[in-house]
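Biologist: I would like a close look at one helix pair in this protein, and at how its surroundings are built. Please keep to what can be read from the model.

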Amino acid sequence: MSAASTAATPEQVDALVRVAQDVALRAGALVHEGRPGDVRVAATKSSAVDVVTAMDLASEELVRTALARLRPDDGVLGEEDGYRAGTSGVTWVVDPIDGTVNYLYGIPAYAVSLAAVVDPAADAAGTAPDPATWTVLAGCVHAPAQDRTYTAGRGRGAHADGRPLRLGPPAPLAECLVGTGFGYVAVRRRTQARVLVELLPRVRDIRRAGSAALDLCDVAAGRLDLHYERGLQPWDMAAASLVVLEAGGDVRGLRGRPAGPDMTVAGPAERVADLVALLTELDADRDDTA
Ligand code: IPD
């Protein structure tokens with residue numbers, strides 16, 4: 001793989017998947033085994049949020065240390081510690097704990113997410129890889145408390161615990177179980193609630209499970225029909241978006257744009273098109289101002 005290309009051989013992709021899985025499993029063990037039985041009791045000296053933040057930081061440090069040993073020339077973009085450029089053309093996009101609120105409350109839907117991406121345009125500009133321009137080559141989403149591991153390699157398929165994933169025939173929108181998530185800021189949540197009021201009567205039901213990475217993997221595994229969310233960060237979606245794509249699904253934004261922070265919609269292509277049309281009509285990719 002040259003620094004300026006997005007091409008990778010199947011062997012290179014498989015090697016990246018193995019690294020993603022190996023490191024995600026190690027970080028998953030750290031966060032799972034390291035979680036105090038009662039975070040709130042453990043947090044008597046600080047706050048429960050600090051305990052979780054400490055584990056987030058420790059997980060990302062483990063990932064960065066492991067990658068520095070296994071793939072010293074690659075860059076890293078992590079939720080906690082930002083972007084460090086590499087020289088190989090490959091950057092690892094890392095969410096050390098996706099679903100931190102679940103982790104805080106002891107709800108098992110949390111995961112470590114690692115993806116290897118290439119983004120020559122961002123490299124040329126000296127910026128971090130961007131979902132609008134990157135190509136995801138490999139990824140792993142590991143949910144230690146659920147004992148589930150999803151992997152995907154570009155052109156090499158998606159797997160859950162080694163079993164191939166393939167989306168089934170799409171249900172009509174009215175029969176779709178739709179996952180979503182809400183931002184942390186009040187003005188965004190108000191808009192998300194308005195959109196939900198319009199969407200809820202038109203689908204089977206809504207789930208807000210608390211980890212976008214796992215929601216996307218659930219789409220690939222058939223436990224959800226669709227997922228949409230405004231406000232996803234690159235690390236929330238990098239690995240899991242490849243899991244959906246490699247399972248035969250589609251991942252996109254609104255108004256012809258790629259998936260990204262403005263909006264991410266994932267599922268079977270036909271149903272994604274329906275949901276994209278509805279969300280566009282509802283201006284779901286813009287925060288209401290009043
Ligand atoms: C969050 C989760 C959540 C989603 C938020 C994300 P974090 O990631 O994926 O489901 O709704 O938008 O920020 O903060 O737990 O890594």
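Modeller: The answer below starts with the whole protein, goes on to the helix pair, and then takes up single residues around the chain. The model is predicted, not experimental.

First, the setting. The protein contains nine helices and 13 strands. Its C-alpha trace spans about 50 × 50 × 40 Å along the principal axes. A compact globule of 290 residues would have a radius of gyration near 19 Å, and the protein has 18 Å, so the two agree. Of the 290 residues, 50% count as buried. The exposed area comes to about 12600 Å², and carbon and sulfur atoms supply 53% of it. Among contacts with a separation of 6 or more, 65% are between residues 24 or more positions apart.

Now the pair itself, α7 and α8. Two packed helices are described by the angle between their axes and the distance between the axes. Helix α7 covers residues 212-221 and helix α8 covers residues 234-246; their axes come within 8 Å and cross at roughly 0°. Angles under 35 degrees count as roughly parallel, and α7 and α8 are therefore roughly parallel to each other. On the α7 side the contact is made by A212, A213, L216, C217 and A220, and on the α8 side by D236, M237, A240, S241, V243 and V244. By class, the residues of this contact divide into nine nonpolar, one polar and one charged.

Helix α7 is mostly covered, with nine of its 10 residues buried. The buried residues are A212, A213, L214, D215, L216, C217, D218, V219 and A220. The list takes in two aspartates, D215 and D218. Just after α7, G222 takes a positive phi of about 85°.

Two residues of α7 also lead to other parts of the chain. A212, which takes part in the contact with α8, is touched by E229 as well. E229 is found in strand β11, residues 226-229. Its relative accessibility is 9%, so E229 counts as buried. Leaving out residues up to four places away in sequence, E229 touches T180, G181, F182, A212, M263 and T264. E229 and H32 are 197 residues apart in sequence, and their C-alpha atoms are 26 Å apart.

L214 is the second link, and it is touched by A143. A143 is found in strand β5, residues 135-143. With a relative accessible area of 0%, A143 is buried. Not counting residues up to four places away in sequence, A143 touches Y110, A111, R148 and L214. A143 and D123 are 20 residues apart along the chain, yet their C-alpha atoms are separated by 31 Å.

Next comes the loop between β5 and β6, where D147 lies; β6 covers residues 148-153. D147 has a positive phi of about 55° although it is not a glycine. Its relative accessibility is 60%, which means that D147 counts as exposed.

D283 shows a similar backbone feature, a positive phi of about 50° in a residue that is not a glycine. D283 lies in the segment after α9, the helix of residues 269-281. At 31% relative accessibility, D283 counts as partly exposed.

Further along that end of the chain, R286, D287 and D288 are in contact with T191, leaving aside the neighbours of T191 within four places in sequence. T191 is found in helix α6, residues 186-199. Its relative accessibility is 2%, so T191 counts as buried.

One more strand residue completes the survey. T91 has its place in strand β3, residues 90-98. T91 is buried, with a relative accessible area of 4%. Not counting residues up to four places away in sequence, T91 touches G75, V76, L77, Y83, A115, A116, V117 and P129.

To return to the request: α7 and α8 are roughly parallel, and nine nonpolar residues take part in their contact. From α7, A212 is touched by E229 of the chain, and L214 by A143.

Key: Residues numbered from 1 in each chain as written. Predicted model: local features only at pLDDT ≥ 70, side-chain atom pairs only at ≥ 80, totals over all residues. Heavy atoms only, no water. Axes fitted to C-alpha atoms, helices over the stretch in contact; angles between N-to-C directions. Helix = DSSP H or I, 4+ residues; strand = E, 2+ residues; numbered from the N terminus. Parallel < 35°, antiparallel > 145°, perpendicular 65-115°, else oblique. Contact = heavy atoms within 4.5 Å. Nonpolar A, V, L, I, M, F, W, Y, C, P; charged D, E, K, R; others polar. Buried < 20%, exposed > 50% of the residue type's maximum accessible area, 1.4 Å probe, protein only. Rg over C-alpha atoms; globule rule 2.2 N^0.38 Å. Areas by Shrake-Rupley, 256 points an atom, 1.4 Å probe, with all protein chains shown as cover.
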